[in-house]
Amino acid sequence: MAVFAALIANGVTFGAALAATIGTTGAFIVRLLVSVALSALAQALAPKPRSPGIKTSTTATGGTNPQSFILGQYATAGFALAPAMSHGTSGKTPNAYLTYVIDLGDVPGQALTGLIIDDAFVEIGPDVVSEGGTTLFSGLPGWPVWPDWPDPLGLFPRIGEITYGRPVLGKYQGYAWVTFYDGTQTAADPMLLAKYGDAADRPWQADMVGTGLCYAVLTFRYNRELFNALPRVRFVLAGIPLYDPRADDTVGGSGAQRWSDPASWAPSANPVVQIYNILRGIALPDGSIWGGESTGDDLPLDVWFAAMNDCDLPVALAEGGSEPQYRAGFEVTVDEEPASVIEELLKGCSGQMAEVGGIWKIRVGGPGLPVYVFSDDDVIVTAAQGFEPFPGLDRTWNGIQASYPEPSSLWESKDAPPRFNADYEALDQGRRLVADLSLPAVPYSGQVQRLMRAYIEEERRFRRHGLTLPPDAAILEPLDAVVWTSAANGYEAKVFEVAECVDDLGTALQQVSLRERDPADYDWTPADELPWEPVATGLTPPPAPILPGVTLSTEVRIRNQQPLGVLIIDVAWEGGFIDSAEVQYRPTGDAIWRDVGASGAGRFEVAGIDAADYDVRVRAVSVLGTNSDWLELLAYPVALPGLPPADVTGFDIAITGAVAHLRWDPVPDEDLSHYVIRWSPSVAGASYSNAVTLVPKVPRPGTSATVAARTGTYLIRAVDKLGNESLNPTAIVTTIASVEGLNAVETVTEEPDFSGAEVWFSEVSGLFAAASGLFSAAGGTVKPTVKSGLGLVLTDYSEPGSGIYEFRDAIDLGARYTSRLTARVAVARQDDTAGLFAAAPGFFSARQGLFTGDANAADIDVVVEVATSDDMAAWSAWRALSVGDFTARGFRFRAILSTTTANVTPFVTALSVEVDMPDRTIAEADLEAGTGGMTVAFTPAFRGLAGLGVSAQGLSSGDYYEITGKSAAGFTIQFRNAGGAGVARSFDYVARGYGVSA
């Protein structure tokens, strides 16, 4: 008798799960099955709770501290690698510089993202600065050497100059510095060697590299007003790099990560990615492995990919925007059992795991899609059954409160808003039964609220069943969802989840433990979010005076024979108490501000900028170290002309099946940014301006791309970092579309009538208001597209903009099928700015302006988009279409015409989409048809059946067979003897057709 149960399920420990596999009698199994079907909340409360605040809240000392590392993003005070040390003088103060050396993790690759000093977050400057040193002046020949010579112009040499690292800004500027090592360092810290290499009691030596250790060196300069005791520090760290198989294109993902190459990994806050790495084992610098040693085969990627993707699903927030559904951060010490860490991570994503035959499964959030449907007729009534409709009040909760580490409160443990429900309390005899949940791995307040709601809603699903199902339920495994329709229990397609299953090897019957589930328990809307304000930390200093003036300008400089864009920020102030200015910038639209620096000088520069819009903000810093409000200058346009990159050479194509592999030689320009690939259906005379974009960006250093194979001309241009394109596109022509067998099903062709709907258009600054449909705006009534001659153009293209043309007809296949859609567009560039008529398409009478155009221009484009439907009523969002396979019943299409140049428009002369279905063959051997015949179902069914062949074995003289009910879904075969009576015979068959019925 084989028993399979969830080994980790939000708190069900390995030991408890192992105990759950003991038992042989049917009655004992039923009791066991009902008892282990715990709610997610009960499982989350099962283990001994860990404090939800950061684990290392004060810097630990001593020589027996366990190794540690960070997963995701988390805070720690670290472990002191050496006692606090001091050196140097400042004015008349001896031992004025205090030094901490703190271990922050014992696995390489962590990154410092934040610093807390004395219960307040501080900002860290971007550049390393030097402090101290002595200016030496030898005077004239024969004169003595004078130390500390005044040297405001920096004309004389300095000795003993100390580099302490990156400065802490704000009130600590000039009094605190930090240097961070990520574990890849190969030499000891030079400042520690210089200042403590000759220390009498604990000299810092050259072999004190800290190989494999992430550690920080902090230096503080004495200031009684700033530090009235030894400074307390905490660090916010981005965790160790982890392997995400979704970023590995050798295992079905997309990207360059490889399990065998840790250098290709990246930090991840995805809890399922973190669990995956723990199960496979995390290597420590000493050569040991912390975690499991599962192989990739033990973790089926279809299951793990789905759970990882579920964690990354965006969730709308009440204040706008979104965040991933589940994230996790955690400080791990290797003296913890890996299973206990996994339990905390699972709690943070409503996750459950199960081990089945050496294979690990995982699910996060609500139940998965049902894999088994049954009714009362399927239940083996002669076997023992168990049913628990309601638990006792001692095992019931109707409210929930949770504590978690709150980053804005210095990562201290904070309580989320509790959730109570008066209706649930009334059902529980008027009692408020509150579960106290600890979520130490969830430093995200919104996610904590979502988890609390899901846990308490799922907790109210009380029903637990233990029952026996027929052998066809052998497909069930723990964590599978099933649907049960039961007249006896009043269930109509009710969802349950398998908590445990027992396979009776003698009878093949399946004993299962089920617990009630409902996907709606995990639904979340911004309206569900409860009001919450983080606890403020520290004191708010008075603002410094407002800066009176900021001026922006740009210029292009040549460095290493390459153009370099420079953004110049001039800051001016007079008098007052302003000591310096602090400047930050960002590309317009980015969320992250980037530091330029802080200085008492009035000019700041940012080198290496692109031609784009930039935001700049400046604030004043007073002589008391207080900051003013930011003065922001938004969307400053930067135009940086420069030389175009070289033309692409070595452009080649290879066709494999339905795929075209494009490759080319790298363009040597140092400021190369990317390549753009376009396509035209023409096999002769195609131009870049009359082609449509196929691949908008292949970043350097890439020199290849894989696209759908299509007859026509592929064109490529290089683009530099200033947006300049190579002067001449490089083209290659192919007449091989594909070697796959395809069957045309439907074609929607718009030309030459173009009688579809002109529906809506993008907002064009200064001309249109943001709206949909047709409306009056500046310039009168505006339509996005219009038929002109034998083609389709933008109605008003006197300014850059775009329009959307919706195809006349949608396609209804009648049922869901998997089809290949191929968009076919022929477009020309219509230029009404200058020149002659010779280069213009269409009829002159339908045209405006002059027609001469640039064959290499890249200022127009046409993108075909598709929306799909399973019922011809509800439609998916629009997505770009070139060539692709889609599973749906219906399709509708639209084309987006766009121009970035005034008085230039795309001129579409051909516009269609073809729906094809590939050839398929289904064959089976040695099927046994009984005396009553046999019905064979094609799985999945064809859309169209081309032919069917049957080969019978063991026929007696006079035997024959009849085929009836032959269709795209299957057929029925009946064998008969010479007398016409049904007989049992075996046979093979081969069916050929096309299409897939979903």
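**Figure 1. Aromatic pairs in the predicted model, with Phe754 and Tyr805 as an example.** The structure holds 33 aromatic pairs, and it is a predicted model. Let us start with phenylalanine 754 and tyrosine 805, whose rings sit 6.2 Å apart, centre to centre, with 70° between the planes. This pair is edge-to-face, because an angle over 60 degrees between the planes counts as such. Which parts of the chain does the pair tie together? Phenylalanine 754 belongs to the loop between β47 (742–749) and β48 (757–761), while tyrosine 805 is found in strand β53 (residues 801–806), so the pair joins parts that are 51 residues apart in sequence. Are the two residues buried or exposed? Phenylalanine 754 counts as buried, at 4% relative accessibility, and tyrosine 805 counts as buried too, at 0%.

**Figure 2. The ring pair of Phe971 and Tyr989.** Here the ring centres of phenylalanine 971 and tyrosine 989 are 5.4 Å apart and the planes meet at 75°, so this pair is edge-to-face. Phenylalanine 971 comes from strand β62 (residues 970–976) and tyrosine 989 from strand β63 (residues 985–994), so the pair ties together parts that are 18 residues apart in sequence. Phenylalanine 971 and tyrosine 989 are both buried.

**Figure 3. A cluster of rings, and arginines over tryptophan faces.** Which residues do ring pairs link into this cluster? The members are Tyr243, Trp259, Trp265, Tyr276 and Trp304. Tryptophan 259 has another partner to look for: arginine 280 lies over the face of its ring, at 3.9 Å from the ring centre. Elsewhere in the sequence, arginine 617 lies over the face of tryptophan 630, and the distance to that ring centre is 4.1 Å.

**Figure 4. The surroundings of Arg976.** Arginine 976 is placed in strand β62, the strand that also holds phenylalanine 971 of Figure 2. How exposed is arginine 976? With a relative accessible area of 23%, arginine 976 is partly exposed; the reason is that buried means under 20% and exposed over 50%, with partly exposed in between. Arginine 976 and tyrosine 961 are 15 residues apart in sequence, and their C-alpha atoms are 5.9 Å apart in space. Setting aside neighbours within four places in sequence, the contacts of arginine 976 are Gly958, Asp959, Tyr960, Glu962, Ala981, Gly982 and Val983. Which backbone oxygen does the side chain of arginine 976 reach? The backbone oxygen of glycine 980 lies at 3.0 Å from that side chain.

Methods:
Residues numbered from 1 in each chain as written. Predicted model: local features only at pLDDT ≥ 70, side-chain atom pairs only at ≥ 80, totals over all residues. Heavy atoms only, no water. Phe/Tyr/Trp six-rings, centres within 6.5 Å; stacked < 30°, edge-to-face > 60°. Helix = DSSP H or I, 4+ residues; strand = E, 2+ residues; numbered from the N terminus. Buried < 20%, exposed > 50% of the residue type's maximum accessible area, 1.4 Å probe, protein only. Lys NZ or Arg CZ within 6 Å of the ring centre and 35° of its normal. Contact = heavy atoms within 4.5 Å. Polar contact = N/O pair within 3.5 Å; in protein donor to acceptor, adjacent residues only side chain to side chain.
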